[in-house]
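Student: Could you take a close look at one part of this protein with me? I would like to go through its aromatic rings and the core around them.

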Amino acid sequence: MENKEKLYIISFGNSSQYRMMYDGSKEQLEKSPRMSALKNELIEFIKDKVPMGSHAERYATPEIHEVENRDAAKYADYIDFDSVAVEDIKKTLLRDVENMLEQKQMDSNAPYGNISTHIKS
């Protein structure tokens, strides 16, 4: 019997990229119970750790790329997607969200940051 599993490369935000074997299409993987549960777990993790978790869904959405069989050897060194990877992803996403919020705060405090409201007609 032929193995129908395909190799996918998965990342979240600026996380590392991980290998995952899955028996289905990219669309099926994106909608799979495992990916849905993981996305929800990451959203809740971000919202729990960061006061403004409004960007949580964007950061918790995986980027998934299917690897052609002929190119699979190129990804042999990538780390397998497992529970250890999820913990690393959480750390990276938390840092990404915190950096984004810090940058947003610095931008809002910039001199002349709200210049349009200071100009009188």
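Student: To set the scene, what percentage of the residues of the protein count as buried? After that, please go on to the rings and the core.

Tutor: Happy to! Keep in mind that this is a predicted model. Of the 121 residues of the protein, 33% count as buried. The accessible surface comes to about 8500 Å², and carbon and sulfur atoms hold 48% of that area.

Let us place the elements before we zoom in. The protein has four helices and four strands, and along the sequence they follow the pattern β-β-α-α-α-β-β-α. The four strands form an open sheet with mixed pairing, in the order S3-S1-S2-S4. Its edges are strand S3 (63-67) and strand S4 (79-80), each of which pairs on one side only. S1 and S3 run antiparallel and are joined by five bridges; Tyr8, for instance, has Glu66 in S3 as its bridge partner. As for contacts with a separation of 6 or more, 64% of them are between residues 24 or more positions apart.

Now to the core. The largest nonpolar core has 26 residues, and those with the most contacts inside it are Ile10, Phe12, Met35, Ile46 and Phe81. At least two of its residues come from each of strand S1 (6-11), strand S2 (18-22), helix H2 (33-49), helix H3 (56-60) and helix H4 (83-108). H4 gives the largest share, with eight residues. Ile46 is a good residue to select in your viewer: beyond its neighbours up to four places away in sequence, Ile46 touches Ala56, Tyr59, Leu93 and Val97.

Two of those well-connected core residues, Phe12 and Phe81, bring us to the rings. In general, we describe a pair of aromatic rings by how far apart the centres are and by the angle of the planes. There are four aromatic pairs by this rule. In one of them, the ring centres of Phe12 and Phe81 are 6.5 Å apart with the planes at 20°, so this pair is stacked. Phe12 sits in the loop between S1 and S2, while Phe81 sits in the loop between S4 and H4, so their pairing ties together parts that are 69 residues apart in sequence. Both Phe12 and Phe81 are buried. Ring pairs also bring in Tyr18, making a cluster of Phe12, Tyr18 and Phe81.

For another geometry, turn to Tyr75 and Tyr78. Their ring centres are 5.1 Å apart and their planes stand at 65°, so the pair is edge-to-face. Tyr75 has 23% relative accessibility and therefore counts as partly exposed. Tyr78, at 28% relative accessibility, counts as partly exposed too.

One last stop is the loop between S1 and S2, where we met Phe12. Ser15 is found in that loop as well. With 10% relative accessibility, Ser15 counts as buried, because the cut-off for buried is under 20%. Apart from neighbours within four places in sequence, Ser15 is in contact with Ile89 and Thr92.

To pull this together, follow Phe12: it is among the residues with the most contacts inside the largest nonpolar core, and its ring is stacked with that of Phe81.

Conventions
Residues are numbered from 1 along each chain as its sequence is written. This is a predicted model: local features need pLDDT of at least 70, side-chain atom pairs count only at pLDDT 80 or more; totals for chains, interfaces and linings use all residues. Side-chain values use heavy atoms; hydrogens and water are left out. A nonpolar core is a set of buried Ala, Val, Leu, Ile, Met, Phe, Trp, Tyr and Cys residues joined through side-chain atoms within 4.5 Å. Buried means under 20% relative accessible area, exposed over 50%, partly exposed in between (1.4 Å probe, protein chains only). Contact means heavy atoms within 4.5 Å. Accessible areas come from the Shrake-Rupley method with a 1.4 Å probe; for residues, only the protein chains shown count as cover. Two strands pair if DSSP finds at least two bridges between them. Rings of Phe, Tyr and Trp (its six-membered ring) pair if their centres lie within 6.5 Å; planes under 30 degrees apart count as stacked, over 60 as edge-to-face and the rest as tilted.
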